[in-house]
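Welcome! Open your viewer, get comfortable with rotating and selecting, and follow the stops below one by one.

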Amino acid sequence: MTKHLQTVAFVFVFALTSTAVARAQEKEKPPAPAPKPAAAPATPLKIQVVISRYQGERKISSLPYNLTTNVGSRATIRMGTQVPVMMLATGQAEAADPKTMPQAGPIQYKDVGTNLDCSSTALDDGRFLLSLTVDDSSVYPDERTTSGGPKGNPSFRSFRASNAIMLRNGETGQLTTATDKVTGETVKVDVTLTVMK
């Protein structure tokens, strides 16, 4: 009988000890890490920028540029060429004689073309905020050269605009309008936003 009681007591103590050890181990375990929130899927955008020139009501040119980017990212376009410009040089001996024409000097190159920078932000109401910088330069056509400089020396025109516009999917808006005071041409920049699927 005594052995039986000892066995029961041993089993009881062993059970209590095992339970206490298990509870202590449970308390020592670090909490499970919280699940990471799923990353929001990227929203791809197609942004079309059209630079148009008008003489009065008549459209002279219309050049489209397309940028593809994700919301929150930045997109750029650099497109152009280098135009040679002949510099004029006058020597000291020639400068003393007013009848002497300046001599052709070294050739320098000027960048001409279009640079576009665009960044986008999604707004809560389904619209997108587009921040755009447009930098456009070109050579005046020969018949419109107004510099009065030597024949063959080109004149350059430049246009730069930096602004923001809010658009919904499929909308077109006008970023800016400006008029060239030399030629009277009007430059218009239109922007169209498309959410790509």
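**Stop 1: a pair of strands**

Select strands β1 and β8: they run antiparallel and are joined by 10 bridges. Keep in mind that you are looking at a predicted model. Within this pair, click on Ile 47 and look across to β8, where its bridge partner is Leu 193.

**Stop 2: the whole chain**

Now zoom out and colour by secondary structure. You should find 2 helices and 8 strands. Walking along the sequence, the order is α-β-β-β-α-β-β-β-β-β. Of the 197 residues in the chain, 24% are buried. If you turn on contacts with a separation of 6 or more, 57% of them link residues 24 or more positions apart.

**Stop 3: two hairpins**

Go back to β1, and this time add β2 to the selection. These two strands are antiparallel as well, with 12 bridges between them. Try Arg 53: its bridge partner in β2 is Ser 61. The two strands form a hairpin with 2 residues between them. In that turn, select Gly 56, whose phi is positive, about 70°.

Next, select β7, residues 172–179, together with β8. Here 7 bridges hold an antiparallel pairing. One example to click is Ala 178, which has Val 187 as its bridge partner in β8. This hairpin has 6 residues between its strands, and Gly 184 takes a positive phi near 80°.

**Stop 4: the nonpolar core**

Which residues have the most contacts inside the largest nonpolar core? Select Ile 47, Leu 130 and Leu 132 to see them; the core has 23 residues. Seven strands each supply at least two residues of this core: β1, β2, β3, β4, β5, β6 and β8. In soluble globular proteins, nonpolar side chains tend to be buried together.

Centre the view on Leu 130 and show what surrounds it. Apart from neighbours within four places in sequence, Leu 130 is in contact with residues including Ile 47, Ile 165, Leu 167, Val 191 and Leu 193. Ser 119, Ser 120, Asn 163 and Ala 164 are also among the contacts of Leu 130. You have already met Ile 47 and Leu 193 as bridge partners.

**Stop 5: the largest pocket**

Time to display the pockets and pick the largest one, which holds about 190 Å³ of space. Its lining has 14 residues, and the ones nearest the centre are Arg 53, Leu 63, Asp 136, Ser 138 and Arg 157. Colour the lining by residue type and you will find 4 nonpolar, 5 polar and 5 charged residues.

Which strand gives the most to this lining? It is β2, with 4 residues. At least two lining residues come from each of β1, β2, β4 and β5.

**Stop 6: one serine in β5**

For the last stop, select Ser 137, which lies in strand β5. Is Ser 137 buried or exposed? Its relative accessible area is 17%, so Ser 137 counts as buried, since the cut-off for buried is under 20%. Show its surroundings: leaving out residues up to four places away in sequence, Ser 137 touches Asp 111, Val 112, Gly 113, Arg 157 and Ser 158. Arg 157 may look familiar, as it is one of the residues nearest the centre of the largest pocket.

Conventions
Residues numbered from 1 in each chain as written. Heavy atoms only, no water. Core = buried A, V, L, I, M, F, W, Y, C linked by side-chain atoms within 4.5 Å. Buried < 20%, exposed > 50% of the residue type's maximum accessible area, 1.4 Å probe, protein only. Contact = heavy atoms within 4.5 Å. Pairing = 2+ DSSP bridges. 1 Å grid on protein atoms, 1.4 Å probe; cavity = no way out; pocket = protein on both sides within 12 Å on 5 of 7 lines; lining within 4 Å. Points joined across faces, edges and corners; volume = space filled by probe spheres on them. Nonpolar A, V, L, I, M, F, W, Y, C, P; charged D, E, K, R; others polar.
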